[in-house]
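Visitor: Please take a close look at a single part of this model, the packing around one helix, and describe it in one connected account.

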Amino acid sequence: MTCTSLEEVRANIEHIDEQIVRLIAERGRFVAQAAAFKKNADGVRDTKRVEAVIQRVRAKASEHGADAEMIEALYREMIRRFVDMEMREFEGGR
């Protein structure tokens, strides 16, 4: 889609931002549920899973023409915060 004005560009970005926030919130609800299935704190931190996710999203970034380095940085930060959240859920449920 080619926009014809800055306002149209911004409206499209705002629409995308809405979708991104909604999807991150949905992801967070699944992360909260995941804590119930984990046996210990190492299961929550699961570095092998984190690296697998990073490799998957880097590949998806390349598929979609996105900057893989930026996607990795965003995901590492998001995962770090979700792990912190999941640890609170995990510790609170024990």
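Guide: The axes of H3 and H4 come within 9 Å and cross at roughly 145° in this predicted model. The crossing of these two helices is right-handed. On the H3 side, the contact is made by Val50, Glu51, Val53, Ile54, Val57, Arg58, Ala61 and Ser62. Their counterparts in H4 are Ala68, Glu69, Ile71, Glu72, Tyr75, Arg76 and Ile79. Sorted by class, the residues where H3 meets H4 are nine nonpolar, one polar and five charged.

H4 also packs against H1, the helix of residues 6–34. The axes of H1 and H4 come within 9 Å, with a crossing angle of roughly 40°. H1 is therefore oblique to H4, since an angle counts as roughly parallel under 35 degrees and as roughly perpendicular from 65 to 115. The crossing of H1 and H4 is right-handed. From H1, the residues taking part are Ile24, Arg27, Gly28, Val31, Ala32 and Ala34. They meet Tyr75, Met78, Ile79, Phe82, Met85, Glu86 and Glu89 of H4. This contact of H1 with H4 comprises nine nonpolar, one polar and three charged residues.

Two residues of H4 deserve a separate description. Tyr75 and Ile79 are listed in the contact with H3, and Tyr75 and Ile79 also appear in the contact with H1. Leaving aside residues up to four places away in sequence, Ile79 touches Arg27, Val50, Val53 and Ile54. Of these, Arg27 is among the H1 residues that meet H4, while Val50, Val53 and Ile54 belong to the H3 side of its contact with H4.

Ile79 has a further role in the description of the interior. The largest nonpolar core has 13 residues, and Val44, Ile79 and Val83 are those with the most contacts inside it. Helix H3 (47–64) and helix H4 (68–92) each supply at least two residues of this core. H4 gives the largest share, six residues. In soluble globular proteins, nonpolar side chains tend to be buried together.

Burial in H4 also extends to a charged residue. Glu86 lies in helix H4 and has a relative accessible area of 6%, so it counts as buried, the limit being under 20%. Again leaving aside residues up to four places away in sequence, Glu86 touches Val31, Ala34, Ala35, Lys38 and Val44. Val31 and Ala34 are among the H1 residues that meet H4, and Val44 is one of the core residues with the most contacts inside the core.

Key. Residues are numbered from 1 along each chain as its sequence is written. This is a predicted model: local features need pLDDT of at least 70, side-chain atom pairs count only at pLDDT 80 or more; totals for chains, interfaces and linings use all residues. Side-chain values use heavy atoms; hydrogens and water are left out. A nonpolar core is a set of buried Ala, Val, Leu, Ile, Met, Phe, Trp, Tyr and Cys residues joined through side-chain atoms within 4.5 Å. Buried means under 20% relative accessible area, exposed over 50%, partly exposed in between (1.4 Å probe, protein chains only). Helices (H or I, at least four residues) and strands (E, at least two) are DSSP runs, numbered from the N terminus. Contact means heavy atoms within 4.5 Å. Axes are lines fitted to C-alpha atoms, for helices over the stretch in contact, and angles run from 0 to 180 degrees between N-to-C directions. Angles under 35 degrees count as roughly parallel, over 145 as roughly antiparallel, 65 to 115 as roughly perpendicular and the rest as oblique. A crossing is left-handed if the near helix is turned anticlockwise from the far one by less than a right angle, and right-handed if clockwise. Ala, Val, Leu, Ile, Met, Phe, Trp, Tyr, Cys and Pro count as nonpolar, Asp, Glu, Lys and Arg as charged, and the others, Gly among them, as polar.
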